[in-house]
Amino acid sequence: MGKVIATCISEVKGVQKRNVHSVNLIKDFGIEKDAHAGKWHRQVSLLSYDKIQDFKERGADVIDGDFGENLVVEGIDFKSLPIGTKFSCNDVILELTQIGKECHHGCQIFQKMGDCIMPREGVFAVVLKGGVISEGDDLEIIQE
């Protein structure tokens, strides 16, 4: 089981997200008011808090949302899970659809650090059932 550390959105694409502390997820769409929501396979992005902390120990000065992640979750190594894994948090059910993504080496973190963890550690999911997720909520793996 993991713990939600941050919930982040951005209203426009191409910018870092900001922590809004609570988000509303809409079935088959994504996070309300987030620019990346829509009818596609990358409705919600998740990143492990533990992987962010490891990156910070290498000298990265980052805050929640800087990698473009929607949900920062402590205690789950997302990239080790298979596609199709389902998660529940309150009423919300998410299904893992993609692990990692191609990095456009122009991101601010890559420019500063020469590396970015989102392309290899970040994962994406679709919303199977909507609801609200807030900081401090538990995120549970319900099916691998």
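Trainee: In what sense do strand 3 (residues 22-26) and strand 10 pair, and over how many bridges?

Mentor: Keep in mind that this is a predicted model. Ser-22 stands opposite Ser-134 in strand 10, and Asn-24 stands opposite Val-132 in that strand. Strand 3 and strand 10 pair in the antiparallel sense, over four bridges.

Trainee: And which strands are the edge strands of the open sheet they belong to?

Mentor: The open sheet has three strands in the order 4-3-10, with antiparallel pairing. An edge strand pairs on one side only, and that holds for strand 4 (30-31) and strand 10 (131-134).

Trainee: What links strand 3 to strand 4, and which residue in the turn has a positive phi?

Mentor: The two strands pair in the antiparallel sense over two bridges, with Ile-26 standing opposite Gly-30 in strand 4. They form a hairpin with three residues between them. The turn residue with a positive phi, about 60°, is Asp-28.

Trainee: Which side chains of strand 3 point to the buried face?

Mentor: Go along the strand and the side chains alternate. Ser-22, Asn-24 and Ile-26 point to one face and are not buried. The ones that point to the other face and are buried are Val-23 and Leu-25.

Trainee: How many residues does the largest nonpolar core have?

Mentor: As a rule, in soluble globular proteins nonpolar side chains tend to be buried together. Here Leu-25, Leu-46, Phe-78, Leu-94 and Leu-139 have the most contacts inside the largest core. Elements giving two or more residues to that core include strand 1, strand 3 and strand 5 (44-48). The core's count is 22 residues.

Trainee: What about a second core: how many residues are in it?

Mentor: There is one, and it is separate. Among its members are Ala-6, Leu-47, Ala-60 and Val-62. Its count is 13 residues.

Trainee: Which residues does Leu-46 touch, leaving out those up to four places away in sequence?

Mentor: Leu-46 is one of the residues with the most contacts inside the largest core. With those sequence neighbours left out, Leu-46 touches Leu-71, Phe-78, Leu-94, Glu-121, Gly-122, Val-123, Ala-125 and Leu-139.

Trainee: Glu-121 is on that list, so to speak: is Glu-121 buried or exposed?

Mentor: The cut-off for buried is under 20% relative accessible area. Glu-121 comes in at 9%, so Glu-121 counts as buried.

Trainee: Which residue forms a salt bridge with Glu-121?

Mentor: The closest N and O atoms of the pair are 3.4 Å apart. The pair links distant parts of the chain, 42 residues apart, with Glu-121 in helix 3 (residues 118-121) and its partner in the loop between strand 6 (71-74) and strand 7 (86-89). That partner is partly exposed at 38%, and the residue is Lys-79.

Trainee: How far apart in sequence are the parts that Asp-138 and Lys-3 tie together?

Mentor: Their side chains meet in a salt bridge, at 2.9 Å from N to O. Asp-138 is in strand 11 (residues 138-143) and Lys-3 in strand 1 (residues 2-9), so the parts they tie together are 135 residues apart in sequence.

Trainee: Which residue forms a salt bridge with Arg-18?

Mentor: Arg-18 is partly exposed, with a relative accessible area of 42%. Its partner is also in the partly exposed class, at 46%. The closest N and O atoms are 3.1 Å apart, and the partner is Glu-11.

How values were computed
Residues are numbered from 1 along each chain as its sequence is written. This is a predicted model: local features need pLDDT of at least 70, side-chain atom pairs count only at pLDDT 80 or more; totals for chains, interfaces and linings use all residues. Side-chain values use heavy atoms; hydrogens and water are left out. A salt bridge is a side-chain nitrogen of Lys or Arg within 4 Å of a carboxyl oxygen of Asp or Glu. Buried means under 20% relative accessible area, exposed over 50%, partly exposed in between (1.4 Å probe, protein chains only). Two strands pair if DSSP finds at least two bridges between them. A nonpolar core is a set of buried Ala, Val, Leu, Ile, Met, Phe, Trp, Tyr and Cys residues joined through side-chain atoms within 4.5 Å. Contact means heavy atoms within 4.5 Å.
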